[in-house]
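Student: Please take a close look at the aromatic pairs of this model. I should like one connected account of their geometry and of the exposure of the residues involved.

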Amino acid sequence: MSVGVTSGEFLFLSGYWLVLIPLFWGFLLWWISSSAVEQSSHNPSIVDIDITTHHYYHPYAQALAVITETYTSKKLKTIWRKPLSWMQGLVVSLFIIALAQPVLIGEQLPDPPPQRDIIFLVDTSVSMQLMDYSVEGEPIQRMQLLQNLLDEFASKMEGDRIAVIVFGESPYLLVPLTHDQGLIRRMLGRVTTTLAGRYSAVGDALLMALSMSKSTSESMSKASPLTASSADQTKRHQTFILFTDAHESLGNVTAAAAADLIAESDIPVFTVAIGSSLSNHSLDKESMAPISGGLYQAVNHALLDDIAKRTRGSSYQVHDSKAMEQALQDISKQRQNLATPEPHYEQTHLFVYPLLAGLLLLILQQLFCLLRAYRAESEGGADE
């Protein structure tokens, strides 16, 4: 219950059932009244006299007619005093109240977290082996630092669905969109360099993320079609986060062309440039030693800035672990739902109380009937 209620209020979730209570009592009154009249009309001790003809067969006929009318009135009053009459009505009324689902409104619940679909695009090219970051004075690989920060980032994204695409020379879907934070964190821990090839096909990875986003949106709309107004409030925002140290985009699709297609779908791409820049890098020979078969080239910030600009996203340059952590925190605040969620309240369901009361009265009614039948049987045996 979320509209037009306040804390501490009592209401019925299915109040339309309460219409049956006056209808039932009206029927019960009619049924008891007709039963009483029928019993009095067939009582052999009552004499039917038509006093409108002014023909009397006994001097006390008028008095007998008055007695007859008084007997019928007393008969009705006697029936109304019977416990079974009002007990049956009370039992049915309590059951109807239980069907109406009475609830007590409690404290307001906190607003749900933002509903977003976040796709991580993780570069696994060979250059991600470079150890140009340090944690507590110890050198650490780009990939290892990225894994640690993404693990922490994913653990805080409550309410969001996250997917992971790894890419090198080709993109691959590692984890589809899911709420399972544990699965995301485990799979991120298994990512290794050169998992998808030695070089970076940024454009192909972006195009794969767009294709997955469109197919997911289409499947959700077919499964649960919504009206236009409700769809605006429940729409899940799409966000792509690209982590790469690419100097250029190889592959079948250019990064600029893929970014233009993503922009048409109103999906921002946040780019995170990993490693030293073109103008500022301090790599020693030992850190470059694991990279064989290619010449090291620093990340191309102009390429990543262009992708972010085309998709109305943001670009981040992270030269140390703190800068990367700050970039992830800033991205987590972006693209949240603008629609104000309706307030929701705790509900204490009270239907069990009228239900138990009705069952208790029903049991007492049956015991009363059994007791009366037992007494009638005992009196009949005594008369014999």
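Tutor: A residue is called buried under 20% relative accessible area, exposed over 50%, and partly exposed in between. The model is predicted, and the values that follow are computed from it.

By that criterion Trp25 is partly exposed, because its relative accessible area is 28%. Phe24 has 22% relative accessibility and therefore also counts as partly exposed.

The structure holds 5 aromatic pairs. In one of them, the ring centres of Phe10 and Phe12 are 5.3 Å apart; the planes meet at 80°, so this pair is edge-to-face. The cut-off behind that assignment is an angle over 60 degrees between the planes. As for exposure, Phe10 has a relative accessible area of 44% and is therefore partly exposed. Phe12, at 28% relative accessibility, is likewise classed as partly exposed.

Phe24 and Trp25 form an aromatic pair as well, with 6.5 Å from centre to centre. The angle between the planes of Phe24 and Trp25 is 75°, and the pair is edge-to-face. The distance criterion for pairing is that the centres lie within 6.5 Å.

Beyond these two pairs, a cluster deserves mention. Phe120, Phe153 and Phe243 form one aromatic cluster.

In summary, the pair Phe10 and Phe12 is edge-to-face, and so is the pair Phe24 and Trp25. Phe10 is partly exposed at 44%, Phe12 at 28%, Phe24 at 22% and Trp25 at 28%.

Conventions. Residues numbered from 1 in each chain as written. Predicted model: local features only at pLDDT ≥ 70, side-chain atom pairs only at ≥ 80, totals over all residues. Heavy atoms only, no water. Phe/Tyr/Trp six-rings, centres within 6.5 Å; stacked < 30°, edge-to-face > 60°. Buried < 20%, exposed > 50% of the residue type's maximum accessible area, 1.4 Å probe, protein only.
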